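User: Please take a close look at one part of this model, and then tell me how the surroundings of that part connect to the rest. I would like the cut-offs behind each term as you go.

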Amino acid sequence: MPSWIDSHSHFYLTPLNVIESLKAQGLVGVVEASWIPVRPSAPETLRDLFRWVVQAEQERLSKIGVLHIPAAGIHPRCIPEDLDGALSILEDFLGQAKALGEVGLETASEDERRAFTLQLRLAKKYDLPAIVHTPRLNKALVASKEIEVVDEVGFPRELTVIDHMVPQAFSSLKERLGEFNVGISLQPGKASVDEAIQMLSYLSPERVLVNSDTSTEPSEPERVRTFLERLESASMKEVSRMIAIDNPRRLFKV
Ligand SMILES: [Zn+2]
């Protein structure tokens with residue numbers, strides 16, 4: 001039976017018994033990235049979100065023995081009007097987080113670019129990896145702008161996860177993804193198991209991460225297990241282990 005770390009999720013919105021049943025299927029740890037489904041009306045909303053994701057979840061998940069890997073960041077759809085206030089709150093939590101995330105661009109507006117740039121500078125200061133969201137709409141175009149920002153900031157590509165990759169965007173981006181980590185989100189509306197296998201054949205496995213992006217949207221966290229089982233049954237047990245355990249352990253230093 002494969003075991004895995006879910007490299008990008010919002011399991012803080014999921015009942016504990018559901019996570020416990022995933023643990024019985026092989027889930028050993030979860031990266032929880034900060035996001036809420038409404039734009040915060042004030043930066044203080046983010047302080048409570050980070051207290052929840054970074055601190056309270058540590059205690060809740062320890063009750064069932066699941067490794068908690070918290071990421072704090074201002075999602076591009078969660079940028080409050082007072083960005084400077086939000087950044088100073090974020091900085092209060094980065095010392096306790098294992099990653100910056102999720103961050104990135106949604107429409108690639110000037111405001112989003114500024115928020116993304118300033119957050120990458122903070123991640124650099126705290127020596128944290130960055131989990132970079134890519135949007136459903138115009139994924140390849142927006143992701144290429146994100147790559148530009150990462151390089152402009154001089155943020156290390158090997159500490160960056162370009163997440164939620166799907167085959168269509170991947171085929172136009174793959175030349176530009178050198179040195180980056182690529183995240184595959186096995187979620188309805190994102191990647192299927194077949195699509196993940198297809199993309200994997202073009203990538204070196206030490207740069208691949210898989211996740212469920214479990215949130216309030218339709219989510220199937222057990223799809224990660226199905227994907228790993230497919231690899232194992234194709235005699236790719238080492239690749240499965242690398243993607244599901246070794247890569248997140250190395251990147252998030254856990
Ligand atoms: Zn997410």
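Analyst: Leaving out residues up to four places away in sequence, Thr 117 touches Val 149 and Val 153, where contact means heavy atoms within 4.5 Å. The model is predicted, so local features need pLDDT of at least 70 and side-chain atom pairs count only at pLDDT 80 or more, whereas totals for chains, interfaces and linings use all residues. Residues are numbered from 1 along each chain as its sequence is written, and side-chain values use heavy atoms, with hydrogens and water left out.

Thr 117 lies in helix α4 (helices, H or I with at least four residues, and strands, E with at least two, are DSSP runs numbered from the N terminus). With a relative accessible area of 16%, Thr 117 is buried (buried is under 20% relative accessible area, exposed over 50% and partly exposed in between, with a 1.4 Å probe and protein chains only). The helix itself, α4, covers residues 110–125, and its 16 residues reach 23 Å from first C-alpha to last, close to the 22 Å expected at 1.5 Å a residue (the expected span is 1.5 Å times one less than the number of residues).

Thr 117 has buried company in α4, including Arg 113, Phe 116, Leu 120 and Ala 123. The buried residues of this helix pack against α3 (83–94), β4, β5 (130–133) and α5 (139–153). Just after α4, Asp 127 takes a positive phi of about 55°.

One of those packing partners, β4, leads to the metal site. The zinc ion has as its protein donors His 8 (NE2), His 10 (NE2), Glu 102 (OE) and Asp 213 (OD), which lie 2.0 to 2.3 Å from the ion (donors are N, O and S atoms within 2.8 Å of the metal, or 3.2 Å for Na, K and Ca; water is not among the atoms, so sites may look incomplete). Glu 102 sits in strand β4 (residues 99–104) and Asp 213 in the loop between β8 (208–211) and α8 (223–233), so this pair ties together parts that are 111 residues apart in sequence. Along the chain the donor residues follow the spacing H-x1-H-x91-E-x110-D. The angles among the 4 donor atoms run from 87 to 176°, and the zinc site is irregular (four donors are tetrahedral if all angles lie between 85 and 135 degrees; four are square planar and six octahedral if opposite donors are over 155 degrees apart and all others between 65 and 115; anything else is irregular). Glu 102 is buried at 2% relative accessibility, and Asp 213 is buried at 5%.

Another threonine can be set beside Thr 117. Thr 14 belongs to the loop between β1 (4–9) and α1 (16–24), and at 10% relative accessibility Thr 14 counts as buried. Apart from neighbours within four places in sequence, Thr 14 is in contact with Ile 19, Arg 60 and Thr 214.

A second helix offers a comparison for α4. Helix α9 (residues 237–252) has 16 residues and reaches 22 Å from its first C-alpha to its last, close to the 22 Å expected. There is a kink of about 40° in α9, centred on Ile 243 (the bend at a residue is the angle between axes fitted to the seven residues ending there and the seven starting there). Ile 243 is among the buried residues of α9, as are Ala 244 and Pro 248. Just after α9, Lys 253 takes a positive phi of about 55°.
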